Amino acid sequence: MAATGLALFDLDHTLIGFDSGMAWCAFHEAAGRLPPQTHARYLACCHAYVHGQATLHDLHDLLVAPLSGLSPETLQA
């Protein structure tokens, strides 16, 4: 049977009271799937986004690009 799940990404805190992107980043960084200090780079990119100096694509690239080289088994775990 396939696993099912729900992922919520609420960057403006309307549904959940914390930054889900930062929580997702911290989770994967702690597990070693994202490089050290990714959370700091994510926060800096969030600040740049608020000031019109970065896009949502920049945020997504920061968090997803390092995962692209991982095996499906690693990501499944």
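Which helix of the chain has the lowest confidence, and which the highest? Colour this predicted model by pLDDT before selecting anything, and the answer can be read helix by helix: the mean is lowest in helix H4 (residues 72-76), at 82, and highest in H2, at 91. Over the chain the mean pLDDT is 82, and 83% of the residues reach 70 or more.

**The whole chain**

Switch next to a cartoon view and follow the chain from the N terminus, where the elements run α-α-α-α, with 4 helices and 0 strands in the chain. A surface view adds that the accessible surface comes to about 5600 Å², of which 63% belongs to carbon and sulfur atoms, while 23% of the 77 residues count as buried. If contacts are drawn between residues at least 6 apart in sequence, 29% of them join residues at least 24 apart.

**Cysteine 25, in helix H1**

Select cysteine 25, which is placed in helix H1, and show its surroundings. Cysteine 25 counts as buried because its relative accessibility is 0%, under the 20% cut-off for that class. Leaving aside residues up to four places away in sequence, the residues that cysteine 25 touches are Leu34, Thr38, His39, Tyr42 and Leu63. A distance drawn from the C-alpha of cysteine 25 to that of alanine 40 gives 9.6 Å, for a pair that is 15 residues apart in sequence.

**The loop between H1 and H2**

Move on to arginine 33, in the loop between helix H1 (20-30) and H2. Which side chain of opposite charge is nearest to arginine 33? The one to select is glutamate 29, which is 12 Å away, and arginine 33 is buried yet has no salt bridge. With residues up to four places away in sequence again left out, arginine 33 touches Phe27, His28, Pro66, Leu67, Leu70 and Thr74.

Stay in this loop between H1 and H2 and select glutamine 37. Its backbone deserves a look, since phi of glutamine 37 is near 70 degrees, a positive value in a residue other than glycine. Most residues other than glycine have a negative phi. Is glutamine 37 buried or partly exposed? Glutamine 37 is partly exposed, because its relative accessible area is 46%.

**Tyrosine 49 and a surface patch**

Continue into helix H2 (residues 38-50) and select tyrosine 49, which lies in this helix. Tyrosine 49 counts as partly exposed because its relative accessibility is 38%. Add Val50 and Leu56 to the selection and return to the surface view: together with Tyr49 they form a nonpolar patch on the surface, with about 280 Å² of accessible area between the three residues.

**Histidine 60, in helix H3**

The last stop is histidine 60, in helix H3 (residues 56-64). With a relative accessible area of 45%, histidine 60 is partly exposed. Draw a line from the C-alpha of histidine 60 to the C-alpha of tyrosine 42: these two residues are 18 apart in sequence and 9.3 Å apart in space. Tyr42 was already met on this tour, as one of the residues that cysteine 25 touches.

Terms used:
Residues are numbered from 1 along each chain as its sequence is written. This is a predicted model: local features need pLDDT of at least 70, side-chain atom pairs count only at pLDDT 80 or more; totals for chains, interfaces and linings use all residues. Side-chain values use heavy atoms; hydrogens and water are left out. Helices (H or I, at least four residues) and strands (E, at least two) are DSSP runs, numbered from the N terminus. Buried means under 20% relative accessible area, exposed over 50%, partly exposed in between (1.4 Å probe, protein chains only). Contact means heavy atoms within 4.5 Å. Accessible areas come from the Shrake-Rupley method with a 1.4 Å probe; for residues, only the protein chains shown count as cover. Patches are made of residues with over 30% relative accessible area and no salt bridge: like charges are joined within 9 Å, nonpolar side chains (Val, Leu, Ile, Met, Phe, Trp, Tyr) within 5 Å. A salt bridge is a side-chain nitrogen of Lys or Arg within 4 Å of a carboxyl oxygen of Asp or Glu. Lys and Arg count as positive and Asp and Glu as negative; His and the chain ends are not counted. pLDDT is the predictor's confidence in each residue, from 0 to 100.
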